[in-house]
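Here are a few exercises to work through at your own pace. Keep the model open beside you and try each task before reading its solution.

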Amino acid sequence: PRIRPLHRSFQTSVTPPKIPDFAFAFDIDGVLLRSSTPLPGAHEALKYLQESRIPFILLTNGGGKSETERVAELAEKLDVDLDVGMFVQSHTPFADMKEYHDKTVLVVGGDYDKCQRVAKEHYGFQNVVTPGDIVCAYPDIWPFSKIFLDYYKTFAKPLPKPINPASLADSLKFDAIFVYSDPRDWGLDASIILDVLLSESGYLGTLSSKNGDASLPNRGYQQDNQPKLYYSNPDLWWAASYHLPRLGQGGFREAFAGLWNAVTKGAELEKTVFGKPYQPTYEFAEGRLRAHRKKLFGHVGLNDPLKRVYMVGDNPESDIRGANDYKSPHGSEWKSILLKTGVYQSGTEPSCKPTVIVDNVEAAVRWAVKDAQ
Ligand code: G3P
Ligand code: MG
């Protein structure tokens, strides 16, 4: 199909092949939105690509609600057609972790009730507990959140089991901890995660010497099945509506690491961090992009390879580093385009060098369409 110039600034003499051999992956915060406000040109850029049938996906370290809910919000805010096949957010890969579906997991961060619903109703986890549920059942577990109890009580759920160290058989035990989104109550979340990681095999209310701190009592239980800790988003900073970057989930992660180090006198903290810039996240995203491209054109033959993907981002450490380091199993080349509308501060040396630095998302699409010829 011909690329019809939608916007005079996009007028180009480009006449692309039937199925474009290039596509886009767009970061969201600092590229398309600042908090919930669309950035100038975001609608036009996406609309142009849709009119020109150039495939794109949205790839964000954000999260905190279901993919369907977030995509509906984005489609409305950006006034473009989107579907969940075009969308990857921080905790999307958690949905594949079926080994925890019948276990008891602690879900931390974001609005507790929203994240609990995502884990249960959208990802299939059957026993999901949040720090909000725990502090409503045991307010003394973190006394400093008593001032928030009335709010937590509006959605807290009863615990599947009580805290009962005297009889572990019917005591609350966690098999894994998932940080779904940016923690709101860092104190409550950190103290509950600490309790679970210092416990004997995940039994809340117990203590173990497993973590190398012999001063901690060892109840002598099995110590091999300590609960695993998963973070969904490594971002130390992100671009919200404030004019300077704000601390993200990576800020909480670093704060907790300091706490862990102090409490266990340097014991190693085992954790897994998902999200950009990591290879598995980009592989997952390319899989979604290829599936979307196939759906867009009904078929994609061997002579319609996806040769190049343009990653458009505002954060050198997640968007740019991830695209630069990504090794595509399909042989596509990823180029990184850094914008001045988010975390990256114009005029400074980015911590990871992009293919190109441009002003905003419209300029990014213009540059890429020319580069792709
Ligand atoms: O919590 C959201 C923040 O980490 C950044 O999201 O869209 O810029 O990857 P995004
Ligand atoms: Mg961003």
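## Worked exercises

**Exercise 1. Find how far apart in sequence the contacting residues of the protein chain lie.**

Step 1: take contacts, meaning heavy atoms within 4.5 Å. Step 2: keep those between residues at least 6 apart in sequence; of these, 70% join residues at least 24 apart.

Before going on, a word on the source: this is a predicted model, in which local features need pLDDT of at least 70 and side-chain atom pairs count only at pLDDT 80 or more, while totals for chains, interfaces and linings use all residues. Residues are numbered from 1 along each chain as its sequence is written, chains are lettered from A and ligands numbered from 1 in the order in which they are written, and side-chain values use heavy atoms, leaving out hydrogens and water.

**Exercise 2. Describe the overall build of the protein chain.**

Step 1: count the elements. There are 10 helices and 15 strands, taken as DSSP runs (helices are H or I with at least four residues, strands E with at least two) and numbered from the N terminus.

Step 2: judge the compactness. The radius of gyration is 23 Å, close to the 21 Å from the globule rule for 373 residues, so the chain is as compact as a globular protein of that length. The radius is taken over C-alpha atoms, and the rule is 2.2 Å times the number of residues to the power 0.38.

Step 3: check burial. Of the 373 residues, 54% count as buried, where buried means under 20% relative accessible area, exposed over 50% and partly exposed in between, with a 1.4 Å probe and protein chains only.

**Exercise 3. Trace the open sheet of 6 strands.**

Step 1: read the order, which is β5-β4-β1-β13-β14-β15, with parallel pairing. Two strands pair if DSSP finds at least two bridges between them.

Step 2: find the edges. Strands β5 (87-88) and β15 (356-358) each pair on one side only.

Step 3: look inside one pair. Strands β13 (residues 308-313) and β14 (residues 333-339) run parallel and are joined by 6 bridges; V309 has W334 of β14 as its bridge partner.

**Exercise 4. Which is buried and which is partly exposed, S35 or S201?**

Step 1: note the backbone. S35 has a positive phi of about 50 degrees without being a glycine, and S201, also not a glycine, has a positive phi of about 55 degrees.

Step 2: locate them. S35 sits in the loop between β2 (33-34) and β3 (37-38), and S201 in the loop between α6 (186-197) and β9 (228-231).

Step 3: compare accessibility. S35 is partly exposed at 27% relative accessibility, whereas S201 is buried at 3%.
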